[in-house]
Amino acid sequence: HALIPDRPSDAEAGVHMAERSPDIAQIRPRRGGEPGLRRLMQAEFGLDLPDPGRTTSEGALTILSLGPHNWLVLDRHGRPGGLAVSLGHAAGETASVVDLSSAFGVLRLSGAKARLALSKGCRLDLHPRLFEKGQLACTLMAQIPVVLHQVSDEPAYDLLAPSSLAQAFAEFVVESAAEYGLRLD
């Protein structure tokens, strides 16, 4: 656990935290290439490009829509850089692909009290009526830009912070979750 500070785990914890290391690539269509990119992603990977603020998943792949014409693709089992190569070959001239596997530190926060722990530093209303599985938002938490993705109704969240700030962000999350009991997975 390179990001997660050393501390004892609480067996009865309301919050569970784990470091993740997916392969990450950004894909953006070139001018006029979005229809072709959509067809290609469906044919090659079985995935639709989601609308802004939404996600889609198939197998080990997840696509996060950061905004119009801007997607992050995460491969839960991929080696750093491999996803960008695969996407680049498949996309050809329809899109630009950038390897971002070293650009983010990724934490998974889950458990009955995860939402409460996040609300201490999140400017968004994470109530289940407003923010649910499959949604994401780019926001500031502890003055750090974060991609917040709700991955399940448990709730469980993936938090992507810039690598240069990931350690400070992990320390913030640990402190925010401390009162609820924290288990490091």
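How exposed is H69, going by its relative accessibility? At 43%, H69 counts as partly exposed, because that value sits between the buried limit of under 20% and the exposed limit of over 50%. Keep in mind that this is a predicted model. There are two open sheets to look at: one has six strands in mixed pairing, and the other has five strands in antiparallel pairing. Helices α1 and α2 pack on the five-stranded sheet, while α4 lies across the strands of the six-stranded one.

**The five-stranded sheet**

- Reading across this sheet, the strand order is β3-β4-β5-β2-β6, and the pairing is antiparallel.
- At the edges you'll find β3 and β6 (95–99), each with pairing on one side only.
- From one strand to the next, the twist averages 20°.
- Helix α1 packs on this sheet and touches β2 (23–29), β3, β4, β5 and β6. The direction of α1 makes about 145° with that of β2.
- Helix α2 lies across β2, β4, β5 and β6, and it runs at about 25° to β2.

**The β3–β4 hairpin**

- Strand β3 (residues 55–58) pairs with strand β4 (residues 61–67) in the antiparallel sense, over four bridges.
- Two of the bridge partners are easy to look up: T56 goes with I63 in β4, and E58 goes with L61 in β4.
- The hairpin has two residues between its strands, and G59 there takes a positive phi near 60°.

**How α1 and α2 meet**

- The axes of α1 (residues 34–45) and α2 (residues 82–91) come within 10 Å of each other and cross at roughly 120°.
- That angle makes α1 oblique to α2, because it falls outside the 65 to 115 degree range for roughly perpendicular and is not over 145.
- The crossing of the two helices is right-handed.
- On the α1 side, the residues in contact are L37, L40, M41, E44 and F45. They meet S86, L87, A90 and A91 on the α2 side.
- Sorted by class, this contact has seven nonpolar residues, one polar and one charged.

**The six-stranded sheet**

- Here the order is β8-β9-β10-β7-β1-β11, in an open sheet with mixed pairing.
- The edge strands are β8 (136–141) and β11 (182–184), and each of them pairs on one side only.
- The twist averages 30° from one strand to the next.
- Strands β9 (residues 144–152) and β10 (residues 156–162) pair in the antiparallel sense over five bridges. One of the pairs to check is H149, whose bridge partner in β10 is D158.
- Helix α4 (residues 166–177) lies across β1 (15–20), β7 (104–110), β8, β9, β10 and β11. Relative to β7, helix α4 runs at about 15°.

**A buried spot in α4**

- A166 belongs to helix α4.
- With a relative accessible area of 4%, A166 is buried, since the limit for that label is under 20%.
- A166 and R20 are 146 residues apart in sequence, yet their C-alpha atoms are 12 Å apart in space.

**Backbone oddities in the loops**

- Back to H69: this residue has a positive phi of about 60° although it is not a glycine. Its place is in the loop between β4 and β5 (70–75).
- Q143 has a positive phi too, of about 65°, and is not a glycine either. You'll find Q143 in the loop between β8 and β9.
- Q143 counts as exposed, because its relative accessibility is 62% and the cut-off is over 50%.
- The peptide bond from E154 to P155 is cis, with omega near 5°. P155 sits in the loop between β9 and β10, the two strands that pair over five bridges.

Conventions. Residues are numbered from 1 along each chain as its sequence is written. This is a predicted model: local features need pLDDT of at least 70, side-chain atom pairs count only at pLDDT 80 or more; totals for chains, interfaces and linings use all residues. Side-chain values use heavy atoms; hydrogens and water are left out. Axes are lines fitted to C-alpha atoms, for helices over the stretch in contact, and angles run from 0 to 180 degrees between N-to-C directions. Angles under 35 degrees count as roughly parallel, over 145 as roughly antiparallel, 65 to 115 as roughly perpendicular and the rest as oblique. A crossing is left-handed if the near helix is turned anticlockwise from the far one by less than a right angle, and right-handed if clockwise. Contact means heavy atoms within 4.5 Å. Ala, Val, Leu, Ile, Met, Phe, Trp, Tyr, Cys and Pro count as nonpolar, Asp, Glu, Lys and Arg as charged, and the others, Gly among them, as polar. Two strands pair if DSSP finds at least two bridges between them. Buried means under 20% relative accessible area, exposed over 50%, partly exposed in between (1.4 Å probe, protein chains only).
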